[in-house]
Protein chains: 2
Amino acid sequence: MAAASRAVPRRNTWQRAAVLRVVEAAACHLTAEEVHRRLRRSRRPIGIATVYRALELFVRDGLVEPVSAPGGRVRYGLASRHHDHLVCLRCGAWEPLEACLIPQPPRRLPSGFRVTGHQLELRGYCAKCQAAA
Amino acid sequence: MAAASRAVPRRNTWQRAAVLRVVEAAACHLTAEEVHRRLRRSRRPIGIATVYRALELFVRDGLVEPVSAPGGRVRYGLASRHHDHLVCLRCGAWEPLEACLIPQPPRRLPSGFRVTGHQLELRGYCAKCQAAA
DNA sequence: ATCATGTTGATAATGAATCTCACTCCTAAC
DNA sequence: GTTAGGAGTGAGATTCATTATCAACATGAT
């Protein structure tokens, strides 16, 4: 739980709540733009800058987890629903992995580093692209 | 490996050789800009676009391995010297991990996906930042 | 209700990565 | 060795995700 030692009081705004609601409702990791687009359909759309700021806030709290997806895009998902991903080097497909391959990551490394999470990307070729090659 | 079935003849240019030489000589993963900067000091500097194109070529060949580093930067390293990384969520430090935590990744998944490589990032807090918090 | 200040959002700015296109110079063929 | 064709190069323009700016606003404590 990344107990954030905040020196600054934090305010509860409906915008932040809305961003979190979208991330929670999503079936997969979303880009900031996708979050923004989903909120745009709602009664009260919010600015894209606010979406970025809210996501960054939740990431610092350990609630939301950023993942670098192909194309240099960052995608955000609920940390409590963590999962890793596959990337096909031929067609670029980016798919979630059901089982996490690192069920027991080391909690602490010899250097003193304390591990709280991870991001794993398996690279290779999907069945379809193997057949095509 | 990754036997590329090229339909297009490939030419050997001194620019591509120079890029590969820089990556081979580097102690860690470099950004395209860092490769470009190192070549700029040499007798014959080359264009940044050519650096990007050469790196992409080597990646497709499986010779070079891209890694998404903090800040949305992509870094490149020799695939034969693969290693994973640590990221401190507080100070942003990005350090190489000595031992690879996935010595035996699955070669093939139930879906038929063939795994040829991976990228792992352990996230947490370095010793220094733990002391500071 | 009032006030101090954390927050928002439209917009400008940033910057990595890609695209364009005229020119260059590898390679294979002769 | 020459030559032709086309892959490759590079300076600069362009794209586009993300961040910074700043005046106006709204939250939470008093």
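These notebook entries record what I looked up in a predicted model of two protein chains and DNA.

**Conventions.** I worked from a predicted model, in which local features need pLDDT of at least 70 and side-chain atom pairs count only at pLDDT 80 or more, while totals for chains, interfaces and linings use all residues. Residues are numbered from 1 along each chain as its sequence is written, and chains are lettered from A and ligands numbered from 1 in the order in which they are written.

**Entry 1: symmetry.** I laid chain B on chain A and obtained an RMSD of 0.1 Å, with a turn of 180 degrees and a shift of 0.0 Å along the axis (least squares on the C-alpha atoms of residues with pLDDT of at least 70 in both copies). The two copies are therefore related as by a two-fold rotation axis. In chain B, I found B:Leu120 closest to that axis, its C-alpha at 2.2 Å. The copies meet through the same surface, because 100% of the interface residues of chain B are also interface residues in chain A.

**Entry 2: the shared sheet.** I traced an open sheet of 6 strands with mixed pairing, in the order S5(A)-S4(A)-S6(A)-S6(B)-S4(B)-S5(B) (strands are DSSP runs of E, at least two residues, and helices runs of H or I, at least four, numbered from the N terminus; two strands pair if DSSP finds at least two bridges between them). Its edges are S5 (94-96) of chain A and S5 (94-96) of chain B, each paired on one side only. I noted an average twist of 25 degrees from one strand to the next. S6 (residues 114-125) of chain A pairs with S6 (residues 114-125) of chain B in the antiparallel sense, over 11 bridges. Within S6(B), B:Arg123 is the bridge partner of A:Gly117.

**Entry 3: two helices of chain A.** I followed the axes of H1 (residues 14-25) and H2 (residues 32-40) of chain A, which come within 10 Å and cross at roughly 105 degrees (lines fitted to C-alpha atoms over the stretch in contact, with angles from 0 to 180 degrees between N-to-C directions). H1(A) is thus roughly perpendicular to H2(A) (65 to 115 degrees). H1(A) brings A:Ala18, A:Val19, A:Val22 and A:Val23 to the contact, and H2(A) brings A:Val35, A:Arg38 and A:Leu39 (C-beta atoms, placed from the backbone, within 7 Å).

**Entry 4: DNA strand D.** Of the 24 residues around DNA strand D, I listed A:Asn12, B:Gln15, B:Ile46, B:Gly47 and B:Thr50 as those that come nearest (C-beta, placed from the backbone, within 6 Å). H3(B) gives the most to this surface, with 3 residues.

Note on methods: Parallel < 35°, antiparallel > 145°, perpendicular 65-115°, else oblique. Contact = placed C-beta atoms within 7 Å.
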